[in-house]
Amino acid sequence: MTRIPPLAAFLIAIILLVTGCSQNPVEENQIYVVSDNQSFPEDADLLNIEGRIPFQKYESEDPAHYCEPGQVLLSVSPGGEEVFLMEKSPGEGLPDVILGDPADQVRILRKNVQTGEQKTIVDGIPFVSKVAWSPDGNLVAFGGGERLTIYDPVNDRLVMEEILSMETISGFYWSPDSKDKLYTEQPDLANASIYYLSSQRKVEAYETREETYYKGRLDNDYYYGTKWDFTTGQMQTVVLDKHRKVIKTIGPGLFRDAYQKSLLLGNDHGFGLSYIKDITRPDQVVALTDEYVYDAKFVTGGQIAYTVQAGDTTGNAFYLYIASPEGRQLKRLKVYGGRIALSPDGTFGYVNGPVWQRVDFVDHTLAEDNLPGAGAEVNLAGIYETIRGGMTTYYEYRFRGKRNWVDLDKYFINTDTPAQWALFDMETIFRRENGKLPAPRYALNIRVMDFQLHPAGERAAFRIRVSTRSSEGTGKVVDYALELIKSSEHWYITGFSTFPDSEERRLVEETVQDIITGIQLGNTLYDELQDKPMKIGQVQFWNKGMNYFAPLVARADAVKVFLHTGPPGAGEIYKLVLEKTEQMDWKVVKLTQEDLGGL
C-alpha cells in the first residue's frame, strides 16, 4: 500500500470537508494523491492518481433528515438545495414474483430542503438501485430492475421516457465528453445502445464506430470502459481517457463499480464477481462468488456488498454479503430482495422485497425499522412456497440432471375427480434419459401471470412464467398452467395444463369415451385392448409445435390422455394422443405405451 506523506494527508483532510445540503454545494468526496510507487513507467500518469471515493460527505445536517416515514434517500442535487427520495408506489397490487428479484414498484419524489415542498416526478418504475448525475449536473438518471429513467430538474420533465420505458437496460454511464450522451448495457450485451438526449436519438452499437463504452470513473482524467477483444472473444474492462484512448487493459469481465483504485468485475453473463484491490496489479484477483449476482457495489470505507439467491425455497430469499477492502467476507445477512438502494454517503442502504430492509454498512446489521414493501398475502404464501419448490425441483433435473425423489413427494401429488397426475408426470420425466450436459450455474425467475382461487379455498389455478439464464449466456422463457390442491394443510401441484373446469376438457373426455366404447365393441384397430377394462385418467393439453405443455387451453392443438386399464393400483397405462383438426374437433393420432412423458 502506498504511504501517504503527512502533507498529503493534511490536504486530503481539507478536501474531505465539503458542505452540507442546505443551499451549499454537495461535492463528491475525491482523493488525488501522488504515489511513491514508480515501478510501472508505462502507467506513470495512471499510478499518480489514487482515484475517487464515490460518496457524498456532509458538513452540516444529514439530508436523510428530510425523509418522511416510508421514504428512502436516493440522491442530493449537486447544489445541495434538493433531495430525491423513493417510496413504494401507492395502491400497488399483489406482487407477481414468486422466485427471483422482487418487482417492487416505486415512485421518485423531488423535495426542496428549505421549504419542504415535494412533488412526484415519476411513478410505477422498478426499485431504484443506481443514481448518476450528468457531468454538468443538469440531468439525473435512475436505474433499477432493468429500467432507466432520466429526469431534467431544470425543465421539470422526463427525458426520452417513451423510448426508455420500452427498453431493457441493466447498466448505464454518462459520457465524460458530452453533457447529454449516455452509454448503456443490456443483460447479455455489454456495449448496447447510446442515447443522445438533446436530439432524442438512440444509436445501436452496430451503428457507431465506438468500440469502447464508458462504464465508470477513475478520476477527473481517466475512466473505465468495456471493449470487445476480437482475439479472445471476451469483453475486456479497460482504463481510457476522455478521448476514448485506451490507457490500460485490466482484464476480462464487466465493470460493476469502482472505489479509489479498486474495481469490481462481473463475469460470465452475470454469474460470478471478481475484485481487484489495485488496478495497477490486475493479475491479483479475488473471486468473491461464482453464483448469479443481482447487485454489487462498494460501500463505506471501500467495503464490498453484493447479493445472490439463498437457495431456500421456503421463501424468496437472498444473501447479502459484505466483504472487507481485502476481499475477505465479513458478514452474511439473509434478505428478501436482490437490489440495494445505497445512501449517498455509502454508510447504509435499503434492500427491496416484502419489506425494505435497512442495512447498516458500518456495523453490518439489519435495522429494526424496515420500511413497508410489497409482500404476498398470507393465504398465498403456502402456494408460492409449493410453486417455488416444485419448479426448482423440475429445473434442477433439466439443467443439472439432479433427480430429487424426496422433493417430488413434497411438492407433487396425484388426485382424482378429475384425474390429475402431476406426480406421475414428474416421476416419468425423472425416469427418462437426460441427454443434456449439466449446466452448473443457472438462475430462475418465476412470475405469476394470473391465478384463480376456488371459493372453498382447497383448489387454485396459476399461470406462471419461468425465465432462465445460464452462465453460458443462454436463456429461455416458458409459461406453465398449474393446478394446485390443498391436502392436510399443505399445498401440492396436481396438474400441468389439465384445465379441469374448461369446456374443452369436457369435449375431449366425450371424444375419448366414444373411442373407449368403440374399442370395447371391437370397432377399432386396437384389438389388444378389447377385453380390458379402461378408465380415462389425466387429460393434458399440449402445443405440438413446441412439444410442450400448453399454457392456455385455447392455444392447445394436441391432447395427451392417459388410459388406465385394470383395477386401481394395478394394470397398465396407455397414452392416447389427439390433435385438433381444421374443423376444431379432436382426432386420434396415436395410442401407445411408449414415452409416456412426451407427446
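**Exercise 1. Determine how strand 16 is joined to strand 17, and how the two strands pair.**

*Solution.* In this predicted model, the connection between strand 16 and strand 17 is a hairpin through four residues. Next, consider the pairing: strand 16 (residues 212–217) lies antiparallel to strand 17, with five bridges between them. Finally, one facing pair can be located, since Tyr214 stands opposite Gly225 of strand 17.

**Exercise 2. Describe how strand 17 pairs with strand 18, and state which residue between them takes a positive phi.**

*Solution.* Begin with the bridges: strand 17 and strand 18 (residues 235–241) run antiparallel and are joined by seven of them. Within this pairing, Trp228 faces Met235 of strand 18. Turn then to the hairpin of these two strands, where six residues lie between the strands. There, Gly233 has a positive phi near 80°.

**Exercise 3. Explain why strand 17 is largely enclosed by the rest of the structure.**

*Solution.* Strand 17 covers residues 222–228, which makes seven residues. A residue counts as buried when its relative accessible area is under 20%. Five of the seven residues are buried, and strand 17 is therefore largely enclosed by the rest of the structure.

**Exercise 4. Give the strand order of the open five-stranded sheet, and explain which sides of its edge strands lack a neighbour.**

*Solution.* The order is 5-35-36-37-38, and the pairing is antiparallel. The edges are formed by strand 5 (97–99) and strand 38 (490–496). Each of these has a single partner strand, so one side of each has no neighbour in the sheet. As for the twist, neighbouring strands of this sheet are turned against each other by 40° on average, with direction ignored. At one edge, strand 5 is joined to strand 35 (residues 442–453) by two bridges in the antiparallel sense. Here Val97 stands opposite Arg447 of strand 35.

**Exercise 5. Characterise the largest nonpolar core and the surroundings of Tyr395.**

*Solution.* The largest nonpolar core comprises 40 residues. Those with the most contacts inside this core are Ile387, Met391, Tyr395, Phe462, Ile464 and Tyr480. Helix 4 (residues 378–400) supplies the largest share of the core, namely nine residues. Apart from this core lies another, of 34 residues, including Ile53, Phe55, Tyr275 and Tyr306. As general background, nonpolar side chains in soluble globular proteins tend to be buried together.

For Tyr395, set aside the neighbours within four places in sequence. The residues in contact with Tyr395 are then Arg400, Tyr442, Leu444, Val466, Thr468, Val478 and Tyr480.

Technical notes. Residues are numbered from 1 along each chain as its sequence is written. This is a predicted model: local features need pLDDT of at least 70, side-chain atom pairs count only at pLDDT 80 or more; totals for chains, interfaces and linings use all residues. Side-chain values use heavy atoms; hydrogens and water are left out. A nonpolar core is a set of buried Ala, Val, Leu, Ile, Met, Phe, Trp, Tyr and Cys residues joined through side-chain atoms within 4.5 Å. Buried means under 20% relative accessible area, exposed over 50%, partly exposed in between (1.4 Å probe, protein chains only). Contact means heavy atoms within 4.5 Å. Two strands pair if DSSP finds at least two bridges between them. Axes are lines fitted to C-alpha atoms, for helices over the stretch in contact, and angles run from 0 to 180 degrees between N-to-C directions.
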